[in-house]
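This report looks at how two helices pack and at how charged side chains pair.

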Amino acid sequence: MKLSSLVQLFLTATTVQAQSLRDATAQYPQLSDFNELLSTFPDIAAGLLTNISTSASQQTILVPSNDAFDAYQRQNGASVGSLSSPDVGNILNYHTLPGALSSSDIQQPNGLVAETALRDSTYARRENATDAGDSLPQVVYISSTETALGRKIKARQISALSSVDVRSGEGNEVELEQTPGNWSGGVFYVVNGFLTLPLNQTDTMTSANLTSFVRGLVRTNVTEGTNAARGLTCLCPNNQAFEAISNSQGNLTDGPGSLLATVSRHGLTGSYYSTNFTDGDLIQSQNGYPILVTRRNGSIFLNDAQLVGSNYIANSGSVHALDRIMGFLNTTTNETTPANASIYSDTANIPTPPSTPSEETSSGGVIPTSDATGNEVMPSATETGASDPAASGSEAAETGSTEGTSAACSSMDFFTGVAVVGTAFVVGLFAL
């Protein structure tokens, strides 16, 4: 190759690397609405409008296409550009991921849970008492395989190669084009829809059609406490399974056989995603009951309950769907007694918690894309999703190996038993 050609290639590459995000995306006609949004809100988008060359500030931006802007207006009756500056700022932050993720990074066989720049307390409340007041950013779940989980927002198939989905609040998914673009601050990927800002726990459950569990929270008067919690994972039996037990439970709050105790057994302190359920782990519910994690034939089981829906992102953590109410684990034999109508027919059959929940350090249950110094960290693999949570659980959650960080989920030392009233549950269980 002639020297002049090499010089030209070098100059071209240097020009691309020196471009701001607005200049880089201006080369794509299908991203003109995004560019207009950046120009309309220059103060909010200042970092995306200028050149960034330091490696510590590398970012991955998920750029909504023009079709995404059109779909947003149809669904909401207003354009993104008509929103207030704080609202646009939250949307842009949720589309910003620390670190420059390559195509191979986002195409992990089992998916990726990645932090974003969204820290507004309305939408990001994942920290709990053991996080020493630190604010944890909200996350997205990126899966490179087709999944029946969530509701995809499809404006159109953006390319024949599109098979990467990004899940956000309410279980909504958008499709991501696998080929990245470059800008001076990192990389960007085109997505065919806007990410949905996460809602509270009960709204997330309702969006996932886990309405029977929501009714259980209402009946035991703990809805407000559930939504006020920070750092919470709810393991929700699907409607058919939960109604089979809850409808017959006249005892709402008194003792281990109460509906309140049943709900409490399905709460975990901290943000657990499917990546954090490691085979053989023994974790505790918030009222002290042991839960054994088992991976079998590509599925995840918590005691005898199978995950049939996972990684529904809520503002305070996550929601997962189970095919049944979790049974009671005997930690000596690792055998589980099913939580069926027979055992609930006599409260004497209900085991009490074997121990008081102990405090552990929580990692927040997320694999970060940058370390404390801002240096890029290679993402580790996580799990993909599962079937419709409203179904009976015949379809398994797609899972795989769990390399990298294994979740820690802390439990607060507030619960010495399950014989509590609803207000105590609000303060102790879901209002950490």
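Angles under 35 degrees count as roughly parallel, over 145 as roughly antiparallel, 65 to 115 as roughly perpendicular and the rest as oblique. The model is predicted, so local features need pLDDT of at least 70 and side-chain atom pairs count only at pLDDT 80 or more, while totals for chains, interfaces and linings use all residues. Residues are numbered from 1 along each chain as its sequence is written, and side-chain values use heavy atoms, with hydrogens and water left out.

The axes (lines fitted to C-alpha atoms, for helices over the stretch in contact, with angles running from 0 to 180 degrees between N-to-C directions) of α3 (residues 32–40) and α5 (residues 66–76) come within 6 Å and cross at roughly 75°, and the two helices are therefore roughly perpendicular to each other. On the α3 side the contact (heavy atoms within 4.5 Å) involves Ser-32, Asp-33, Phe-34 and Leu-37, and on the α5 side Asn-66, Phe-69 and Asp-70.

A salt bridge is a side-chain nitrogen of Lys or Arg within 4 Å of a carboxyl oxygen of Asp or Glu, and the count by this rule is 4; the table lists some of them, including these pairs.

| Acidic residue | Basic residue | Closest N and O atoms |
|---|---|---|
| Glu-127 | Arg-230 | 2.5 Å |
| Glu-243 | Arg-215 | 2.8 Å |
| Asp-323 | Arg-324 | 3.3 Å |

Glu-243 belongs to helix α11 (residues 239–246) and Arg-215 to helix α9 (residues 211–219), 28 residues apart, and the pair links distant parts of the chain.

Notes. Helix = DSSP H or I, 4+ residues; strand = E, 2+ residues; numbered from the N terminus.
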